[in-house]
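Reader: Before we discuss the terms used for this model, could you show me the sequence and the structure?

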Amino acid sequence: MSVARAAVLSSVRRALGARPSASGVEARLTEPPPGVIPARGRNDSVAMFLEGAARVGTTVDRAASAAEVPARIAAYLAERNLSTAIKLAPDPDLRDLPWAEAQLQTREGRGEDHDTVSVVQAFAAVAETGTLVMISGAESPTTLNCLPDTHIVVVHSRDLVGAYDDAWARLRARGALPRLVTWITGPSRTADIEQEILVGIHGPRRLHVVMIDDGQA
Amino acid sequence: MDATSHTFSANARTALADVKLQRALDRLAEGFPARRRDAVARLPEFDALRDAAVAIKDHTILNLDRYLERFEAKVLEAGGRVHWCRDAAEARATILSICTRAKAKSVTKGKTMVGEEIAINDHLAANGLDVVETDLGEYIIQLRGEPPSHIIAPAIHLSKDQVADTFRKAHGTLPPARPLTESRALLEEARTVLRSRFLGADVGITGANFLIAETGSTVTVTNEGNAELTMTLPRVHIVLASIEKVVPTLEDAATMLRVLARSATGQDVSVYTSFATGPRRPGDLDGPEEFNVVLLDNGRSAMLEGELREMLRCIRCGACLNHCPVYAAVGGHAYGWVYSGPMGAVLTPALIGLDPAKHLPEASTLCGRCEEVCPMRIPIPKMLRHWRERSWQRGPSATRSRFGLAVWAFVAARPRLYRWATGAVAALLARLATRGRFAWLPFASAWTGTRDFPAPEGRGFVASWNRGERR
Ligand code: SF4
């Protein structure tokens, strides 16, 4: 529809009339100016992340090391009487953790309809609003974030940043954006029936985070 | 949908007599504004963010062609396609041809107001496709064959038992005696029904809250997670967005998002915010093979000229609806088309023409609450006055009804005005009320029919109103 393309662009140009030629467009795109970053996003504080997470019903556990993650997850599942069969993201960081020792059965792959618990690593966590930054990729299929009832996200404390903008900086450093970047802040919810807030409409009914303490490097 | 904006007065009368609707509107008035106030109170930088958001949009609008071209180039670079469309008919044809080419049978949809604007569901259904809305509110109104009554809460006008009735009719294969009195039961039923639709869909259509020129990404915000399923499971993903949705950079998108959810639902941020860039990559285990962006003008470039340009800053947060005394009195359906409340009263005449929509700009008390809460600082009352002047220029015969409707709106809105209005409005009401009844007001008769409207008398009035004198 290149006729439509030309028509839309020319009616936009006609309506805007004469303008300065550059108008800072290139500069903005190549050197994106920083936004207004709220004070609550100005440091990568665990306390701020926890506050944001608690507000939306994300539960957060801490692990002293990666090796401790399976045991922490097993405890979480046992407490809630949930299945110990886990769909694990095909992520080398997760693969070799001691799952069997923690009495958990793991399978790797993308999320499927019958999966009840998924474990995925986050690209980053954002203190500003208690948000997880998930990216799609061979090691972190999107379906694991949106099909299982219980969504468990592993995140290193070194990947906790203050503001959304800090997460963007890290993503830019990584190269072109993946197909999907999703900020997740709490379990799926709706208020579409009489404005009553109910959790678990389509995706996860529970969102649980295990944060690995990397210590002061 | 066919607009019924020309019968606003009749629509409004019906709405005022609808007890269930009035209860729903009460709930809305108690919910959204308080939650927004709390969210804003938690963020001292909120006003600075609003200013930044306004500056970003003004700069983008001034360079709209340039940012759109960059956006397009980046989508192509990521392996996606961009389809430019001048109007609704072109967008419908484009979407249908993408579906046909993909040999699609089943389509899932995320909530898109632009989709409502171009009535895409009807068009796809008429051409043999099975289309299902996946946002719970949109799903409910789709089953009922209704338009959304609120831009972010489309089924806000319905009660639990109405939803239950709808589900019983629509889900005929389920046991008729199943209990559906609890919201939870309704949610579980919708979850199950929609899950199978997600898994079986060939094409997923979502809207976009923003488009990012820097990266060619589309940004979609939901609380339910339905957009993520819609843009991940089907083979083909179509994003339907109007041209004014573009912002320059990732940082700019973050600024806009910081004001969006707080203004809309009073959340700090929505549960899911997804930035989609192109189709599935090599090695990915999921995601669509095809990524299409349908870029729609449909009246936006015309709004760039003159008085309505600032309306293009609108991010569809719904705050102006949530704080509007007229919306609170009559609800969204009375506006007769897709967009309602103050933003709808400005947009509808621009998009469907002033003639069928001329009553909407008149259905306002010009109390200024909308402009006060608008995160994009859009001067809505000024724009409503612009439309009123335009209709006035077309013929002075409109004046009488205009004044009559303004008075009617004051009265209709009384219970909510009580909570919200400024002292000046209250004083004006008191002056208007000196004779006790409004029926004597000659201009109001068009709106009140044959019956008297009791004048506002504080609680007494509200009580009699609620007791059902309007039934
Ligand atoms: S006009 Fe302002 S308040 Fe209303 S929906 Fe648009 S951005 Fe929100």
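Author: What follows takes up a buried lysine, the contact between two chains, and the cavities.

Author: This is a predicted model, in which local features need pLDDT of at least 70 and side-chain atom pairs count only at pLDDT 80 or more, while totals for chains, interfaces and linings use all residues. Residues are numbered from 1 along each chain as its sequence is written, chains are lettered from A and ligands numbered from 1 in the order in which they are written, and side-chain values use heavy atoms, with hydrogens and water left out.

Reader: Why is A:Lys87 called buried?

Author: A:Lys87 has a relative accessible area of 5%, and buried means under 20% (exposed is over 50%, partly exposed in between, with a 1.4 Å probe and protein chains only), so A:Lys87 is buried.

Reader: What makes the approach of the A:Lys87 side chain to A:Arg110 a polar contact?

Author: The side chain of A:Lys87, a residue of strand β2 (residues 85-88) of chain A, reaches the backbone oxygen of A:Arg110 at 2.7 Å. A polar contact is a pair of N or O atoms within 3.5 Å, where within protein one must be able to donate a hydrogen and the other to accept it, and residues adjacent in sequence count only if both atoms are side-chain atoms.

Reader: How many residues of each chain are in contact, and how much area do chain A and chain B bury?

Author: With contact meaning heavy atoms within 4.5 Å, 80 residues of chain A are in contact with 99 residues of chain B. Buried area is the accessible area (1.4 Å probe) that two parts lose on being put together, summed over both, and for chain A and chain B this is about 7,800 Å², 56% of it on carbon and sulfur atoms.

Reader: What makes a space in this model a cavity, and how many are there of 30 Å³ or more?

Author: On a 1 Å grid over the protein atoms alone, a cavity is a set of points where a 1.4 Å probe fits but cannot get out, and lining residues have an atom within 4 Å of a point. Grid points are joined across faces, edges and corners, and a volume is the space filled by probe spheres set on the points. By this rule there are 5 cavities of 30 Å³ or more, and the largest has a volume of about 730 Å³. Its lining holds 37 residues, and the closest to its centre are B:Lys111, B:Ile151, B:Ile152, B:Val221 and B:Thr222.

Key
1 Å grid on protein atoms, 1.4 Å probe; cavity = no way out; pocket = protein on both sides within 12 Å on 5 of 7 lines; lining within 4 Å. Helix = DSSP H or I, 4+ residues; strand = E, 2+ residues; numbered from the N terminus.
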